[in-house]
Amino acid sequence: MDKMASGWINGLIGVVIFSGSLPATRVAVMQLDPVFLTVARAAIAGMIALCLLLAFRQKRPSRNDIVSLVVVALGVVVGFPLLTALALQHVTSAHSIVFIGLLPLSTAIFGVLRGGERPKPAFWIFSALGSALVAGFALAQGGTASPAGDGLMLAAIIVCGLGYAEGARLSRTLGGWQVISWALVLSLPVMIVLSIAAMPPTFSGIALPAWLSLAYVSLFSMLIGFIFWYRGLVQGGIAAVGQLQLLQPFFGLALAATLLHEPVTWTMLAVTVAVILCVAGARKFAR
């Protein structure tokens, strides 16, 4: 299997795993505080990552890598999970999933700024059109479904794109699973302290679905998904493989409808399909 094909396969596996993140977060925040959910998932994933690094005797990252690892941690360990958890207090997971259509553009922009990639001009035309469709969908909800929820989702997309691109750049030398593991370990002491501080006074009223959702976002969304995702970005290119994120809304909407019984309107489906088609066109000009 050539490197490009391997990159697309790894990237697709990562996208499928990430597709369950927003529905799982939606279930969790119904009973768990968003801040506690964010720091707890990072603390759990961080402890697992520390065990992996010790078990495989990975050498410590160099001093020059620390700044990049901090950026990754702020983007995907803290920023995206916290902002989406807060947003999901105002909007449904089905509504928020459509905003994931902006992630390829955000990732591509930071891929240029941080990864040194240079997509062709036509790439930006297709990507911008897809982003405009997403923005138009939000505005069509009567101005907006929730100004606070939509604003938080937009902020989440920006910091996530930065974390993806920075992590992919660093993965070229440090390794994909090592990058997310070291980013988690770097933030682990703070996350443990914050988890204790944000812990609810009692867990008696928290049902099993909330705990299962916490387990999913801790193990799969925070660690396993990134192992495949960063490997795919390195093998196939940040801007090119990043377009696979346009499949994430489609998978996510299906999960939201199936597991959460949330309404998925024809408008949501139409926007999702249209955005996928636009950014699929952008993939041709990613390099």
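Which residues in α1 meet which residues in α2? In this predicted model, I17, F18 and S19 of α1 meet S21, L22 and P23 of α2. The axes of helix α1 (residues 3-19) and α2 cross at roughly 20° and come within 5 Å. That angle makes α1 roughly parallel to α2, because angles under 35 degrees count as such. The residues of this contact comprise four nonpolar, two polar and no charged.

**Packing of α8 against α10**

Two packed helices are described by the angle between their axes and the distance between the axes. For helix α8 (residues 147-174) and helix α10 (residues 208-236), the axes come within 9 Å and cross at roughly 70°. Helix α8 is therefore roughly perpendicular to α10. On the α8 side, the contact is formed by G163, Y164, G167, A168, S171 and R172, which meet F226, W229, Y230, L233 and V234 of α10. By residue class, the contact of α8 with α10 divides into seven nonpolar, three polar and one charged.

**The largest nonpolar core**

In soluble globular proteins, nonpolar side chains tend to be buried together. The largest nonpolar core here has 82 residues, of which V77, Y164 and Y230 touch the most other members. Helix α10 supplies the largest share of this core, with 10 residues. Y164 and Y230 also belong to the contact of α8 with α10. As for V77, its contacts beyond four places in sequence are T38, A42, V72, I180, A183, L184, S187 and M222.

**Individual residues**

The table lists the relative accessible area of four residues, together with the location of each.

| Residue | Location | Relative accessible area | Class |
|---|---|---|---|
| R26 | helix α2 (residues 21-28) | 18% | buried |
| W182 | helix α9 (residues 176-198) | 14% | buried |
| A239 | helix α11 (residues 238-242) | 1% | buried |
| R57 | loop between α3 (34-55) and α4 (63-87) | 77% | exposed |

R26 counts as buried because its relative accessible area is 18% and the cut-off is under 20%. The side chain of R26 reaches the backbone oxygen of L88 at 2.5 Å. Besides L88, R26 touches V91, T92, S93, L260 and E262, when residues up to four places away in sequence are not counted.

W182, in helix α9, likewise falls under the 20% limit and so counts as buried, at 14% relative accessibility. Apart from neighbours within four places in sequence, W182 is in contact with L53, Q58, K59, R60, P61, L69 and L174. The C-alpha atoms of W182 and R118 lie 28 Å apart, with these positions 64 residues apart along the chain.

Is R57 buried or exposed? R57 is exposed, because its relative accessibility is 77% and the limit for that class is over 50%. R57 sits in the loop between α3 and α4, and has a positive phi of about 50° although it is not a glycine.

A239, in helix α11, is buried with a relative accessible area of 1%. The C-alpha atoms of A239 and K59 are separated by 29 Å, and the two residues are 180 residues apart along the chain. K59 is also one of the residues in contact with W182.

How values were computed: Residues are numbered from 1 along each chain as its sequence is written. This is a predicted model: local features need pLDDT of at least 70, side-chain atom pairs count only at pLDDT 80 or more; totals for chains, interfaces and linings use all residues. Side-chain values use heavy atoms; hydrogens and water are left out. Axes are lines fitted to C-alpha atoms, for helices over the stretch in contact, and angles run from 0 to 180 degrees between N-to-C directions. Helices (H or I, at least four residues) and strands (E, at least two) are DSSP runs, numbered from the N terminus. Angles under 35 degrees count as roughly parallel, over 145 as roughly antiparallel, 65 to 115 as roughly perpendicular and the rest as oblique. Contact means heavy atoms within 4.5 Å. Ala, Val, Leu, Ile, Met, Phe, Trp, Tyr, Cys and Pro count as nonpolar, Asp, Glu, Lys and Arg as charged, and the others, Gly among them, as polar. A nonpolar core is a set of buried Ala, Val, Leu, Ile, Met, Phe, Trp, Tyr and Cys residues joined through side-chain atoms within 4.5 Å. Buried means under 20% relative accessible area, exposed over 50%, partly exposed in between (1.4 Å probe, protein chains only). A polar contact is a pair of N or O atoms within 3.5 Å; within protein, one must be able to donate a hydrogen and the other to accept it, and residues adjacent in sequence count only if both atoms are side-chain atoms.
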